[in-house]
Amino acid sequence: MTVVAATSLNLVTLGAAPVPAEAGRRTPAELEALARDAAVALEGAPAEQIAKWATDTFGARFCVTSSMADAVVAHLFSRVSPGVDVVFLDTGLHFPETLKVRDIVAATMDVNVRSIRPRMTVGQQDGEFGPRLFARNPDECCFLRKVEPLERALADYDSWATGLRRDESPTRANTPVVAFDAKKGKVKVNPIAAWTQADVDRYVSRWNVPVNELFKKGYGSIGCWPCTRRTKAGEDPRAGRWAMFEKTECGLHV
């Protein structure tokens, strides 16, 4: 598979300006009740069934988020709901291999990739906060380049899907298949929460899903290049993230 120029892809790049939301949305109380019932009803259900429930329930007010470590969840939803929005946070600090996966997804899958950028470029952030903020205050850097852009990107949706899995780390061991995120006031769907790495590998093999090439080079979990290192034998897959800090999450899932 070859990567084509971003201008020819099914790829929309958004800057700071949010898209106005439509009227008539469900209330937070209604969304919370939906999530609570679905979490019970869909526990143990196939990922495709969970994905179909999400797209049937929320329609255009639903999107998929992907870090492009692999394209499993994007592919899953492309089969269930062709044309679905896939949100990618383009932090400006990604490995080229990560952007390659994004471009392959946009070029080959029936999805609408929305590439969301922070309000500031890396250079502007350096000017405002000083160089290498990620090395001094990674929480602040993650907020500026991931958390705030995601909240802006989700403004037009009632629900979004992630690729979180319970086997990824102890902090994710109790991930529900559907949950209500009280901070965001939205429903969070985790269709492959119960999958193991073996399940992911089988899906990738069956459907020839693109996977970040860095996994073959010793990386267990892939984020921005300044805060990601190769993992050692026997380490938790996420041990290579923010290895110099007592930090395990970027803030998107807490």
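This short presentation describes one protein chain, its overall make-up and a few of its local sites. Please note that the structure is a predicted model.

I begin with the chain as a whole. Its secondary structure comprises eight helices and seven strands. Of the 254 residues in the chain, 49% are buried. The exposed surface comes to about 12200 Å², and carbon and sulfur atoms supply 54% of that area. As for the contacts between residues at least 6 apart in sequence, 71% join residues at least 24 apart.

Let me turn to helix 4, which covers residues 96–108. The helix has 13 residues, and at 1.5 Å a residue it should span 18 Å; its end C-alpha atoms are indeed 18 Å apart, so the two values agree. The buried residues of helix 4 include Val 101, Ile 104, Val 105 and Ala 106, and also the charged-type names Glu 97, Arg 102 and Asp 103.

Next, the aromatic rings. The structure holds six aromatic pairs. One of them joins Trp 53 and Phe 58 in an edge-to-face arrangement, with 5.7 Å centre to centre and 90 degrees between the planes. Trp 53 and Phe 58 are both buried. Another pair, Trp 195 with Tyr 203, is tilted, at 5.6 Å centre to centre and 45 degrees between the planes. Both of these residues, Trp 195 and Tyr 203, are buried as well. Ring pairs further link Trp 195, Tyr 203 and Trp 207 into a cluster.

Two aspartates now deserve a closer look. Asp 158 sits in the loop between helix 7 (138–153) and strand 5 (159–161). Is Asp 158 buried or exposed? Its relative accessibility is 4%, under the 20% cut-off, and therefore Asp 158 counts as buried. Beyond its neighbours within four places in sequence, Asp 158 is in contact with Arg 25, Arg 26, Leu 31, Phe 58, Arg 61, Lys 186 and Val 187. Phe 58 in that list is also the partner of Trp 53 in the edge-to-face pair.

The second aspartate, Asp 167, lies in the loop between strand 5 and strand 6 (178–181). Asp 167 counts as partly exposed because its relative accessibility is 37%. Which residues does Asp 167 touch, not counting those up to four places away in sequence? They are Trp 195, Thr 196 and Gln 197. Asp 167 and Thr 196 are 29 residues apart in sequence, yet 6.1 Å apart in space, C-alpha to C-alpha. A polar atom of the Asp 167 side chain lies 3.0 Å from the backbone nitrogen of Gln 197. The side chains of Asp 167 and Arg 165 are joined by a polar contact of 3.0 Å.

Methods. Residues numbered from 1 in each chain as written. Predicted model: local features only at pLDDT ≥ 70, side-chain atom pairs only at ≥ 80, totals over all residues. Heavy atoms only, no water. Helix = DSSP H or I, 4+ residues; strand = E, 2+ residues; numbered from the N terminus. Buried < 20%, exposed > 50% of the residue type's maximum accessible area, 1.4 Å probe, protein only. Contact = heavy atoms within 4.5 Å. Areas by Shrake-Rupley, 256 points an atom, 1.4 Å probe, with all protein chains shown as cover. Expected span 1.5 Å × (residues − 1). Phe/Tyr/Trp six-rings, centres within 6.5 Å; stacked < 30°, edge-to-face > 60°. Polar contact = N/O pair within 3.5 Å; in protein donor to acceptor, adjacent residues only side chain to side chain.
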